[in-house]
2 protein chains.
Amino acid sequence: MGRPPVPLLSTDLIASIAMDLVNATGGFTIPELARTLKVSPSSLYNHVSGRDQIVELLRERAMSEVVLPADADLPWTETVAGIMRSYRRSYARYPRLIPLLTAHAVNSSHAFTMYNALATTLHRAGFTDADILRAITLMDCFVLGSALDLAAPVEPWEAGAEVGPELAAALATGGPKPARADDAFDFGLDVLLRGLADLASR
Amino acid sequence: MGRPPVPLLSTDLIASIAMDLVNATGGFTIPELARTLKVSPSSLYNHVSGRDQIVELLRERAMSEVVLPADADLPWTETVAGIMRSYRRSYARYPRLIPLLTAHAVNSSHAFTMYNALATTLHRAGFTDADILRAITLMDCFVLGSALDLAAPVEPWEAGAEVGPELAAALATGGPKPARADDAFDFGLDVLLRGLADLASR
């Protein structure tokens with residue numbers, strides 16, 4: 001006849017419930033988390049230092065499927081392409097998490113490992129330090145935007161009288177999702193690498 | 001001694017309150033909207049057909065500052081660059097709205113006007129119908145990702161032992177916000193247009 005069972009709180013469980021809240025509502029607060037877990041806010045602090053740490057735990061999950069190419073002899077464009085493909089695939093699992101992550105400073109090992117690999121590869125390709133920062137920002141913007149696009153509806157535009165002939169002809173070429181999003185991502189990646197290679201060859 | 005004053009409901013007021021809710025919480029529901037406006041959900045339907053219409057009203061607001069270049073004689077790269085710059089600036093005012101908009105099919109005049117202008121310009125530049133759809137998707141992904149980046153914290157990465165020498169050197173070149181985000185966007189736009197021009201010249 002002891003006390004009722006106490007929920008087995010853990011850092012992992014807190015992160016899982018926070019992820020559920022983000023997927024359902026686009027965000028989370030400490031009081032919401034505590035209410036959902038049926039614990040007091042203060043008991044959360046026995047496991048996490050605060051909201052910032054929880055956001056970083058969510059970032060680790062979003063990045064958990066990022067794969068870094070093992071072959072150091074690949075051309076830099078292929079190394080970058082491989083990182084970007086897995087980065088997008090990994091983030092596309094949690095589209096509602098993206099604005100929350102971009103609103104917080106990065107402080108997770110997975111993220112640093114990936115950004116270090118990108119910086120090293122671009123340095124090897126001859127980019128200046130300033131252009132490395134700009135190129136990484138560009139890749140981030142493109143990958144996160146593409147991960148949002150992958151979560152977009154099957155028909156991204158309602159058909160209507162306001163669609164002109166050029167746009168209508170372009171829309172008519174679109175295949176079913178997610179193949180269309182994948183195809184557009186591959187095109188975008190190709191354009192981006194062509195542009196970067198053109199800059200690197202100056 | 002009549003009844004208490006009834007709030008003057010209008011489509012505009014409903015959109016404004018929905019935007020406030022999105023900015024504060026990342027989303028909105030019809031019951032939340034009704035509660036905030038102190039009206040019954042059913043009275044909302046005297047002004048809007050439903051949630052989808054409200055999302056399109058928010059899209060119109062997000063796009064209200066998009067400017068289409070008036071000069072039809074500009075090179076296509078300059079026309080595209082002008083549209084993308086104003087598109088990003090307009091969306092950057094509402095970063096938390098972005099995932100909501102990408103999750104809904106586009107059905108707003110402002111949006112169609114812009115996508116028609118992009119399609120016409122890319123058609124004039126010689127792109128195939130399929131590549132026009134891909135290029136517009138790429139621009140959307142880049143602009144929306146960049147609008148999120150503009151709302152990111154001043155220090156996007158926490159300094160730490162896990163930052164390798166190449167990444168540290170790149171980070172050290174970053175100026176203050178929002179100048180750094182603007183600089184990265186201009187770089188990204190240049191890379192993207194170089195890549196597209198390279199494709200168009202094949």
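Which residue follows helix 1 of chain B, and what is the sign of its phi? Gly26(B) follows the helix, and its phi is positive, near 90°. This is a predicted model. Chains A and B meet in a contact that takes 66 residues from each of them. A rotation of 180° superposes chain B on chain A.

**Helix 1 of chain B**

- Helix 1 of chain B runs over residues 11-25, which makes 15 residues.
- From first C-alpha to last, helix 1 of chain B reaches 21 Å, close to the 21 Å expected at 1.5 Å a residue.
- Five residues of this helix are buried: Ile14(B), Ala15(B), Ala18(B), Met19(B) and Val22(B).
- These buried residues lie on the same side of helix 1 of chain B, because they cover an arc of only 135° around the axis.
- An α-helix has 3.6 residues a turn, so residues three or four places apart point the same way.
- Asp12(B) and Ala24(B) sit on the other side of helix 1 of chain B, and they are exposed.
- The partners of the buried residues are four helices of chain B: helix 2 (30-37), helix 3 (41-44), helix 4 (51-62) and helix 6 (98-102).

**Contact between the chains**

- Five helices of chain B each give two or more residues to the side that touches chain A.
- They are helix 6, helix 7 (109-124), helix 8 (129-150), helix 9 (165-172) and helix 10 (179-200).
- Helix 8 of chain B gives the most, with 16 residues.
- By class, the side of chain B that touches chain A has 35 nonpolar, 19 polar and 12 charged residues.
- Helix 6 of chain B appears in two settings: the buried residues of helix 1 pack against it, and it gives residues to the contact with chain A.

**Symmetry**

- Two copies of a chain are related by a rotation about an axis and a shift along it.
- Here the rotation is 180°, the shift along its axis is 0.0 Å, and the RMSD is 0.0 Å.
- That is the relation of a two-fold axis.
- The same surface serves both copies, as 100% of the contact residues of chain B recur in chain A.

**Domains of chain A**

- The domain assignment gives chain A domain 1 (11-48) and domain 2 (66-200).
- The centres of domain 1 and domain 2 of chain A, taken over C-alpha atoms, are separated by 30 Å.
- Each of the two domains of chain A puts 4 residues into their contact.
- On the domain 1 side of that contact, 1 residue is nonpolar, 3 are polar and none is charged.

Methods:
Residues numbered from 1 in each chain as written. Chains lettered and ligands numbered in written order. Predicted model: local features only at pLDDT ≥ 70, side-chain atom pairs only at ≥ 80, totals over all residues. Domains from an automatic or database assignment. Contact = placed C-beta atoms within 7 Å. Nonpolar A, V, L, I, M, F, W, Y, C, P; charged D, E, K, R; others polar. Expected span 1.5 Å × (residues − 1). Buried ≥ 20, exposed ≤ 12 C-beta atoms within 10 Å, placed from the backbone. Arc of directions from axis to C-beta. Least-squares fit on C-alpha atoms with pLDDT ≥ 70 in both.
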